Amino acid sequence: MTDAGYHYYEPPHDHGLPHDPLNAIIGPRPIGWISTRGGDGTINLAPYSFFNAFNYHPPIIGFSSINAKDSLRNVRETGEFVWNLTTRDLAEKMNATCAMAPYEVDEFELAGLTAAPSRQVAVPRVAESGVNFECKLTDVIQLRDHRGSPVTTWLVLGEVVAVHIRRDLLKDGVFDTFGAGIILRAGGPSAYALVAPESRFDIGRPPGVHPPAAPSRAKESSARSPQSFSSSP
């Protein structure tokens with residue numbers, strides 16, 4: 001296969017497209033709607049499009065702060081944050097919290113959201129959100145390029161120490177992923193995607209592949225040449 005049918009570029013140079021395609025290709029992505037509290041009590045709420053889960057036991061989630069934003073500052077000061085699930089009914093309010101605002105501005109008030117108390121951390125959670133993860137900071141990692149030079153992006157990882165799930169989102173004890181109205185960040189400056197029942201399909205895991213059995217010793221012996229049993233001269 002040749003590259004004739006492909007657009008090719010090297011990221012250190014211009015991609016030659018109207019928009020950087022990275023976000024559109026690696027997407028849609030879950031939204032890290034992160035609430036934090038600073039050492040002086042200042043509250044912040046902001047969405048992050050680089051967010052995901054990284055471990056089951058203990059549960060660890062994380063978000064990436066491109067440039068040193070208020071959320072990063074607050075997490076470093078207090079060691080806590082809360083992730084809040086973003087659903088279609090909250091999309092506009094979530095978007096309002098990404099506005100550039102002075103540090104002292106409370107985005108809960110800016111977006112008309114209710115700050116509910118958490119149980120294990122001092123950071124408030126979004127009461128209107130159907131799921132909240134209370135988190136304790138585990139790592140703040142400054143990313144580097146392949147030459148080892150630091151870049152102005154920090155990966156913030158936290159252990160989930162408490163979970164709130166609205167009961168109507170549980171169907172027979174199972175979280176209703178396709179009925180919760182979850183939205184994801186897609187490419188471009190304004191594109192989002194909705195997780196809906198019609199977008200679901202299922203694929204079972206393939207059976208395990210076992211290595212071929214080692215030959216038995218009897219087969220090994222019969223396969224040896226007569227010279228292997230001759231006595232030394």
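**Notes on the strands, a surface patch and the cysteines**

1. Let's start with one pair of residues: L184 has A193 in β14 as its bridge partner. Behind that pair, strand β13 (residues 183-185) and β14 are antiparallel and joined by three bridges. Two strands count as paired here if DSSP finds at least two bridges between them. Strands (E, at least two residues) and helices (H or I, at least four) are DSSP runs, numbered from the N terminus.

2. A word on what you're looking at: this is a predicted model, where local features need pLDDT of at least 70 and side-chain atom pairs count only at pLDDT 80 or more, while totals for chains, interfaces and linings use all residues. Residues are numbered from 1 along each chain as its sequence is written, and side-chain values use heavy atoms, with hydrogens and water left out.

3. Back to β13 and β14: they belong to an open sheet of three strands, ordered β1-β13-β14, with antiparallel pairing. Its edge strands are β1 (29-30) and β14 (192-194), each pairing on one side only.

4. Next, look at β10 (residues 150-165). Seven bridges tie it to strand β5 (residues 60-66), antiparallel, and S65 sits opposite W154 of β10. Strand β9 (residues 131-144) also runs antiparallel to β10, with twelve bridges; here L137 is partnered with G158. The β9-β10 hairpin has five residues between its strands, and G148 there takes a positive phi near 90°.

5. Another hairpin to find is β2 and β3: five residues lie between the strands, and G41 has a positive phi near 95°. Six bridges connect strand β2 (residues 32-37) with β3 in antiparallel fashion, and G32 pairs with Y48 of β3. Strand β3 (residues 43-48) is mostly covered, with five of its six residues buried. Buried means under 20% relative accessible area, exposed means over 50%, and partly exposed is in between (1.4 Å probe, protein chains only).

6. On the surface, L22, I25 and I26 make a nonpolar patch of about 310 Å². I25 belongs to helix α1 (residues 22-25) and is exposed, at 63% relative accessible area. Patch residues have over 30% relative accessible area and no salt bridge; nonpolar side chains (Val, Leu, Ile, Met, Phe, Trp, Tyr) are joined within 5 Å, like charges within 9 Å. A salt bridge is a side-chain Lys or Arg nitrogen within 4 Å of a carboxyl oxygen of Asp or Glu.

7. How many disulfides does the structure hold? Zero, counting a pair of cysteine sulfur atoms within 2.5 Å as one. C98 is partly exposed at 42%, whereas C135 is buried at 0%.

Technical notes:
Accessible areas come from the Shrake-Rupley method with a 1.4 Å probe; for residues, only the protein chains shown count as cover.
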